[in-house]
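Reader: Hi! I've got a structure open and would like to talk through its ligand site and domains. Could you walk me through it?

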Amino acid sequence: MQRIDSIDRLLNYREGCSGSVGLVPTMGALHAGHLSLVDAAKDVNDNVVVSIFVNPTQFDKDSDLAHYPNTLAADLEQLASVGVDAVFLPDFAMMYPDNFQYQVTETSLSQLYCGAHRPGHFDGVLSVVMKLFNLVKPDQAYFGEKDYQQLNLIKGMVEAFFLDIQIVSCPIIRETDGLAMSSRNLRLTAIERKIAPQLYAILMSDSSLSDKKQQLISIGFDVDYLEVMDGRLLAAASLGDIRLIDNVPYPSVGVN
Ligand code: AMP
(Lines give C-alpha, C1' and ligand atoms only; values in the text may rest on other atoms or scores of the structure.)
Protein backbone atom coordinates (compact mmCIF):
# COMPACT_ATOMS: atom_id res chain seq x y z
CA MET A 1 0.00 0.00 0.00
CA GLN A 2 1.35 3.41 -0.96
CA ARG A 3 1.17 6.07 1.70
CA ILE A 4 0.73 9.39 -0.08
CA ASP A 5 1.16 12.65 1.78
CA SER A 6 1.56 15.23 -0.95
CA ILE A 7 -0.59 16.33 -3.87
CA ASP A 8 2.28 15.86 -6.33
CA ARG A 9 2.71 12.25 -5.24
CA LEU A 10 -1.04 11.69 -5.50
CA LEU A 11 -1.15 13.06 -9.04
CA ASN A 12 1.84 10.89 -9.98
CA TYR A 13 0.20 7.84 -8.47
CA ARG A 14 -3.03 8.59 -10.35
CA GLU A 15 -1.20 8.93 -13.67
CA GLY A 16 0.34 5.52 -13.13
CA CYS A 17 -2.99 3.77 -12.46
CA SER A 18 -4.25 1.52 -15.19
CA GLY A 19 -7.88 0.48 -15.18
CA SER A 20 -10.57 1.88 -12.91
CA VAL A 21 -10.06 3.82 -9.69
CA GLY A 22 -12.39 3.65 -6.68
CA LEU A 23 -12.21 6.29 -3.96
CA VAL A 24 -13.34 5.92 -0.34
CA PRO A 25 -13.19 9.27 1.50
CA THR A 26 -12.96 8.97 5.31
CA MET A 27 -11.98 10.92 8.39
CA GLY A 28 -10.14 7.93 9.89
CA ALA A 29 -10.76 6.08 13.18
CA LEU A 30 -11.78 3.29 10.85
CA HIS A 31 -14.32 0.59 11.71
CA ALA A 32 -16.22 -2.14 9.88
CA GLY A 33 -18.53 0.47 8.30
CA HIS A 34 -15.60 2.09 6.51
CA LEU A 35 -14.18 -1.30 5.59
CA SER A 36 -17.48 -2.30 3.96
CA LEU A 37 -17.03 0.67 1.60
CA VAL A 38 -13.46 -0.47 0.88
CA ASP A 39 -14.72 -4.01 0.15
CA ALA A 40 -17.34 -2.67 -2.24
CA ALA A 41 -14.68 -0.57 -3.98
CA LYS A 42 -12.28 -3.51 -4.24
CA ASP A 43 -14.99 -5.73 -5.75
CA VAL A 44 -15.19 -3.69 -8.95
CA ASN A 45 -12.11 -1.45 -9.25
CA ASP A 46 -8.56 -2.14 -10.36
CA ASN A 47 -7.21 0.47 -7.93
CA VAL A 48 -8.65 1.55 -4.57
CA VAL A 49 -7.66 4.81 -2.91
CA VAL A 50 -8.75 5.64 0.66
CA SER A 51 -8.36 9.19 1.93
CA ILE A 52 -8.04 9.96 5.62
CA PHE A 53 -8.53 13.63 6.41
CA VAL A 54 -10.30 15.11 9.40
CA ASN A 55 -11.72 18.05 7.47
CA PRO A 56 -11.83 21.12 9.74
CA THR A 57 -14.24 23.06 7.52
CA GLN A 58 -17.10 20.65 8.19
CA PHE A 59 -16.92 20.94 11.97
CA ASP A 60 -19.17 23.55 13.51
CA LYS A 61 -17.79 22.98 17.02
CA ASP A 62 -14.10 23.38 17.86
CA SER A 63 -14.36 20.84 20.68
CA ASP A 64 -15.77 18.18 18.32
CA LEU A 65 -12.83 18.71 15.97
CA ALA A 66 -10.28 18.78 18.80
CA HIS A 67 -11.58 15.49 20.23
CA TYR A 68 -12.17 13.66 16.96
CA PRO A 69 -10.57 10.21 17.44
CA ASN A 70 -7.25 9.57 15.73
CA THR A 71 -6.18 5.93 15.33
CA LEU A 72 -3.88 6.38 12.33
CA ALA A 73 -1.46 3.50 12.97
CA ALA A 74 -4.32 1.01 13.36
CA ASP A 75 -6.13 2.52 10.34
CA LEU A 76 -3.09 2.03 8.11
CA GLU A 77 -2.66 -1.55 9.29
CA GLN A 78 -6.31 -2.35 8.56
CA LEU A 79 -6.20 -0.75 5.12
CA ALA A 80 -3.00 -2.59 4.18
CA SER A 81 -4.44 -5.89 5.39
CA VAL A 82 -7.54 -5.58 3.18
CA GLY A 83 -5.43 -4.77 0.14
CA VAL A 84 -6.00 -1.04 -0.38
CA ASP A 85 -3.60 0.27 -3.05
CA ALA A 86 -3.05 3.79 -1.78
CA VAL A 87 -3.96 5.90 1.21
CA PHE A 88 -4.01 9.68 0.80
CA LEU A 89 -3.19 11.63 3.97
CA PRO A 90 -3.43 15.34 3.22
CA ASP A 91 -3.29 18.22 5.68
CA PHE A 92 -5.23 21.49 5.79
CA ALA A 93 -2.65 23.60 3.91
CA MET A 94 -2.58 21.06 1.07
CA MET A 95 -6.34 20.81 0.73
CA TYR A 96 -7.07 24.51 1.23
CA PRO A 97 -4.40 26.60 -0.56
CA ASP A 98 -7.17 29.26 -0.76
CA ASN A 99 -7.86 29.03 2.99
CA PHE A 100 -11.46 28.03 2.13
CA GLN A 101 -12.22 31.26 0.24
CA TYR A 102 -13.78 29.11 -2.48
CA GLN A 103 -16.60 26.82 -1.42
CA VAL A 104 -19.18 24.49 -2.88
CA THR A 105 -22.58 25.45 -1.49
CA GLU A 106 -25.93 23.79 -1.95
CA THR A 107 -28.78 26.08 -0.99
CA SER A 108 -31.77 23.86 -0.30
CA LEU A 109 -31.38 20.34 1.18
CA SER A 110 -28.16 21.39 2.93
CA GLN A 111 -30.12 23.85 5.05
CA LEU A 112 -32.37 21.15 6.54
CA TYR A 113 -31.89 18.44 9.19
CA CYS A 114 -28.14 18.20 10.03
CA GLY A 115 -27.51 21.42 8.10
CA ALA A 116 -30.01 23.33 10.24
CA HIS A 117 -28.20 22.21 13.40
CA ARG A 118 -24.63 22.42 12.10
CA PRO A 119 -24.32 25.71 10.16
CA GLY A 120 -21.83 25.44 7.29
CA HIS A 121 -21.33 21.70 7.78
CA PHE A 122 -22.33 20.68 4.28
CA ASP A 123 -20.36 23.52 2.65
CA GLY A 124 -17.30 21.92 4.24
CA VAL A 125 -18.32 18.41 3.21
CA LEU A 126 -19.15 19.26 -0.41
CA SER A 127 -16.04 21.42 -0.81
CA VAL A 128 -13.64 18.76 0.45
CA VAL A 129 -15.34 15.99 -1.54
CA MET A 130 -15.14 18.11 -4.71
CA LYS A 131 -11.41 18.65 -4.06
CA LEU A 132 -10.85 14.93 -3.48
CA PHE A 133 -12.76 14.12 -6.68
CA ASN A 134 -10.65 16.59 -8.68
CA LEU A 135 -7.40 15.22 -7.27
CA VAL A 136 -8.11 11.47 -7.33
CA LYS A 137 -10.32 11.53 -10.45
CA PRO A 138 -12.09 8.32 -9.42
CA ASP A 139 -14.41 6.35 -11.66
CA GLN A 140 -16.48 5.40 -8.61
CA ALA A 141 -16.69 6.91 -5.15
CA TYR A 142 -18.18 5.13 -2.15
CA PHE A 143 -20.35 6.68 0.59
CA GLY A 144 -22.36 5.20 3.45
CA GLU A 145 -26.12 5.46 3.89
CA LYS A 146 -25.32 6.16 7.54
CA ASP A 147 -24.84 9.79 6.41
CA TYR A 148 -28.00 9.76 4.34
CA GLN A 149 -28.36 13.52 3.83
CA GLN A 150 -24.66 13.78 2.92
CA LEU A 151 -25.01 10.94 0.41
CA ASN A 152 -27.92 12.70 -1.28
CA LEU A 153 -26.10 16.02 -1.39
CA ILE A 154 -23.05 14.40 -2.98
CA LYS A 155 -25.19 12.67 -5.59
CA GLY A 156 -26.81 16.04 -6.30
CA MET A 157 -23.43 17.78 -6.60
CA VAL A 158 -22.19 15.17 -9.08
CA GLU A 159 -25.27 15.78 -11.25
CA ALA A 160 -25.21 19.56 -10.89
CA PHE A 161 -21.55 19.86 -11.94
CA PHE A 162 -21.66 17.09 -14.58
CA LEU A 163 -18.94 15.10 -12.80
CA ASP A 164 -18.15 11.83 -14.53
CA ILE A 165 -18.11 9.83 -11.31
CA GLN A 166 -20.45 7.08 -10.20
CA ILE A 167 -21.56 7.46 -6.58
CA VAL A 168 -22.04 4.08 -4.93
CA SER A 169 -24.10 4.00 -1.74
CA CYS A 170 -23.40 1.34 0.88
CA PRO A 171 -25.74 0.08 3.63
CA ILE A 172 -25.34 0.99 7.30
CA ILE A 173 -23.13 -1.40 9.26
CA ARG A 174 -24.24 -1.85 12.88
CA GLU A 175 -22.85 -3.25 16.09
CA THR A 176 -24.58 -6.46 17.22
CA ASP A 177 -26.78 -4.38 19.57
CA GLY A 178 -27.99 -2.26 16.65
CA LEU A 179 -25.91 0.88 17.21
CA ALA A 180 -24.77 2.27 13.85
CA MET A 181 -20.97 2.10 13.76
CA SER A 182 -19.37 5.52 14.00
CA SER A 183 -15.93 6.85 14.86
CA ARG A 184 -17.59 9.03 17.49
CA ASN A 185 -18.87 5.92 19.37
CA LEU A 186 -15.32 5.61 20.74
CA ARG A 187 -15.99 8.75 22.77
CA LEU A 188 -19.16 7.50 24.51
CA THR A 189 -18.83 6.80 28.23
CA ALA A 190 -19.69 3.25 29.39
CA ILE A 191 -23.13 4.44 30.52
CA GLU A 192 -23.79 6.35 27.28
CA ARG A 193 -22.66 3.32 25.26
CA LYS A 194 -25.37 1.23 26.97
CA ILE A 195 -28.07 3.79 26.13
CA ALA A 196 -26.87 4.51 22.57
CA PRO A 197 -28.42 1.43 20.82
CA GLN A 198 -31.84 2.67 21.92
CA LEU A 199 -31.65 5.29 19.19
CA TYR A 200 -31.94 2.57 16.55
CA ALA A 201 -34.44 0.51 18.60
CA ILE A 202 -36.75 3.49 19.07
CA LEU A 203 -36.48 4.57 15.42
CA MET A 204 -37.54 1.04 14.42
CA SER A 205 -40.31 0.71 17.02
CA ASP A 206 -43.99 0.86 16.16
CA SER A 207 -44.75 4.27 17.64
CA SER A 208 -45.53 7.76 16.39
CA LEU A 209 -42.78 10.27 15.66
CA SER A 210 -43.72 12.35 18.70
CA ASP A 211 -43.69 9.24 20.94
CA LYS A 212 -40.26 8.29 19.59
CA LYS A 213 -38.97 11.75 20.39
CA GLN A 214 -40.40 11.61 23.93
CA GLN A 215 -38.91 8.13 24.50
CA LEU A 216 -35.48 9.33 23.39
CA ILE A 217 -35.66 12.37 25.66
CA SER A 218 -36.82 10.26 28.60
CA ILE A 219 -33.70 8.06 28.42
CA GLY A 220 -31.31 10.99 28.21
CA PHE A 221 -30.98 11.92 24.53
CA ASP A 222 -30.94 15.54 23.47
CA VAL A 223 -32.86 15.28 20.18
CA ASP A 224 -31.87 17.59 17.30
CA TYR A 225 -34.44 16.24 14.87
CA LEU A 226 -36.54 13.29 13.72
CA GLU A 227 -37.58 13.85 10.11
CA VAL A 228 -38.80 11.76 7.20
CA MET A 229 -36.96 12.17 3.89
CA ASP A 230 -37.56 10.02 0.80
CA GLY A 231 -39.06 7.11 2.73
CA ARG A 232 -36.42 7.15 5.47
CA LEU A 233 -36.67 8.37 9.02
CA LEU A 234 -33.56 10.44 9.80
CA ALA A 235 -32.50 11.27 13.33
CA ALA A 236 -29.77 13.15 15.14
CA ALA A 237 -29.54 13.05 18.92
CA SER A 238 -26.79 13.60 21.47
CA LEU A 239 -25.73 11.79 24.60
CA GLY A 240 -23.62 14.26 26.53
CA ASP A 241 -21.17 15.78 24.04
CA ILE A 242 -21.54 12.98 21.50
CA ARG A 243 -23.94 13.54 18.64
CA LEU A 244 -25.23 10.37 16.98
CA ILE A 245 -27.04 10.14 13.67
CA ASP A 246 -28.98 7.23 12.24
CA ASN A 247 -31.70 6.49 9.71
CA VAL A 248 -34.09 3.65 8.96
CA PRO A 249 -36.66 2.87 6.27
CA TYR A 250 -39.98 4.54 7.11
CA PRO A 251 -42.60 3.25 7.64
CA SER A 252 -40.25 0.60 8.89
CA VAL A 253 -41.65 -1.97 11.29
CA GLY A 254 -39.68 -5.20 11.00
CA VAL A 255 -37.43 -4.11 8.14
CA ASN A 256 -33.98 -2.57 7.82
P1 AMP B 1 -16.50 9.32 8.16
O2 AMP B 1 -15.12 8.80 8.39
O3 AMP B 1 -17.37 9.29 9.35
O4 AMP B 1 -16.50 10.64 7.42
O5 AMP B 1 -17.18 8.29 7.16
C6 AMP B 1 -16.58 7.98 5.91
C7 AMP B 1 -17.58 7.22 5.09
O8 AMP B 1 -17.93 6.01 5.77
C9 AMP B 1 -18.88 8.00 4.86
O10 AMP B 1 -19.31 7.77 3.51
C11 AMP B 1 -19.82 7.37 5.85
O12 AMP B 1 -21.18 7.44 5.46
C13 AMP B 1 -19.33 5.93 5.85
N14 AMP B 1 -19.74 5.27 7.09
C15 AMP B 1 -19.49 5.69 8.35
N16 AMP B 1 -20.07 4.85 9.25
C17 AMP B 1 -20.69 3.90 8.53
C18 AMP B 1 -21.48 2.76 8.88
N19 AMP B 1 -21.75 2.44 10.14
N20 AMP B 1 -21.96 1.99 7.88
C21 AMP B 1 -21.71 2.31 6.57
N22 AMP B 1 -20.97 3.37 6.18
C23 AMP B 1 -20.48 4.16 7.15
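Author: Happy to! One term before we start: a polar contact here is a pair of N or O atoms within 3.5 Å. Also keep in mind that this is a predicted model.

Reader: Good to know. So how far is the ligand oxygen from the polar backbone atom of Gly-144?

Author: That distance is 2.9 Å.

Reader: And which side chain has an N or O atom 2.6 Å from a ligand oxygen?

Author: That would be Asp-147. On the nitrogen side of things, a ligand nitrogen sits 2.9 Å from a backbone N or O atom of Met-181.

Reader: Nice. How much of the ligand does the protein bury?

Author: The protein buries 92% of the 490 Å² that the ligand exposes when taken alone.

Reader: Which elements give two or more residues to the shell around it?

Author: Strand 2 (21-26), helix 2 (32-44) and strand 5 (140-144) do. Helix 2 gives the largest share, 3 residues.

Reader: How many residues surround the ligand, and which are closest?

Author: There are 16 around the ligand, and the closest are His-34, Gly-144, Asp-147, Ile-173 and Met-181. Sorted by class, the shell has 9 nonpolar, 5 polar and 2 charged residues.

Reader: Switching topic: what domains does the chain have?

Author: The domain assignment gives domain 1 (2-170) and domain 2 (183-247). Their centres, taken over C-alpha atoms, are 25 Å apart. Domain 1 puts 20 residues into the contact and domain 2 puts in 15.

Reader: What area is buried between domain 1 and domain 2?

Author: About 1700 Å², with carbon and sulfur atoms giving 58% of that. On the domain 1 side, Tyr-113, His-117 and Tyr-148 lose the most area to domain 2, and together they make up 37% of what that side buries.

Reader: Last one, on backbone geometry. Where is the cis peptide bond?

Author: A cis bond joins Tyr-250 and Pro-251, with omega at about -5 degrees. Pro-251 belongs to the segment after strand 9 (242-249). There is also Ala-29, a residue other than glycine with a positive phi, near 50 degrees. Ala-29 is found in the loop between strand 2 and helix 2.

Reader: Why do you pick those out?

Author: Because most residues other than glycine have a negative phi, and most peptide bonds are trans.

Conventions:
Residues are numbered from 1 along each chain as its sequence is written. This is a predicted model: local features need pLDDT of at least 70, side-chain atom pairs count only at pLDDT 80 or more; totals for chains, interfaces and linings use all residues. Side-chain values use heavy atoms; hydrogens and water are left out. A residue is near a molecule or strand if one of its heavy atoms lies within 4 Å of it. A polar contact is a pair of N or O atoms within 3.5 Å; within protein, one must be able to donate a hydrogen and the other to accept it, and residues adjacent in sequence count only if both atoms are side-chain atoms. Accessible areas come from the Shrake-Rupley method with a 1.4 Å probe; for residues, only the protein chains shown count as cover. Helices (H or I, at least four residues) and strands (E, at least two) are DSSP runs, numbered from the N terminus. Ala, Val, Leu, Ile, Met, Phe, Trp, Tyr, Cys and Pro count as nonpolar, Asp, Glu, Lys and Arg as charged, and the others, Gly among them, as polar. Domain bounds come from an automatic or database domain assignment. Contact means heavy atoms within 4.5 Å. Buried area is the accessible area (1.4 Å probe) that two parts lose on being put together, summed over both.
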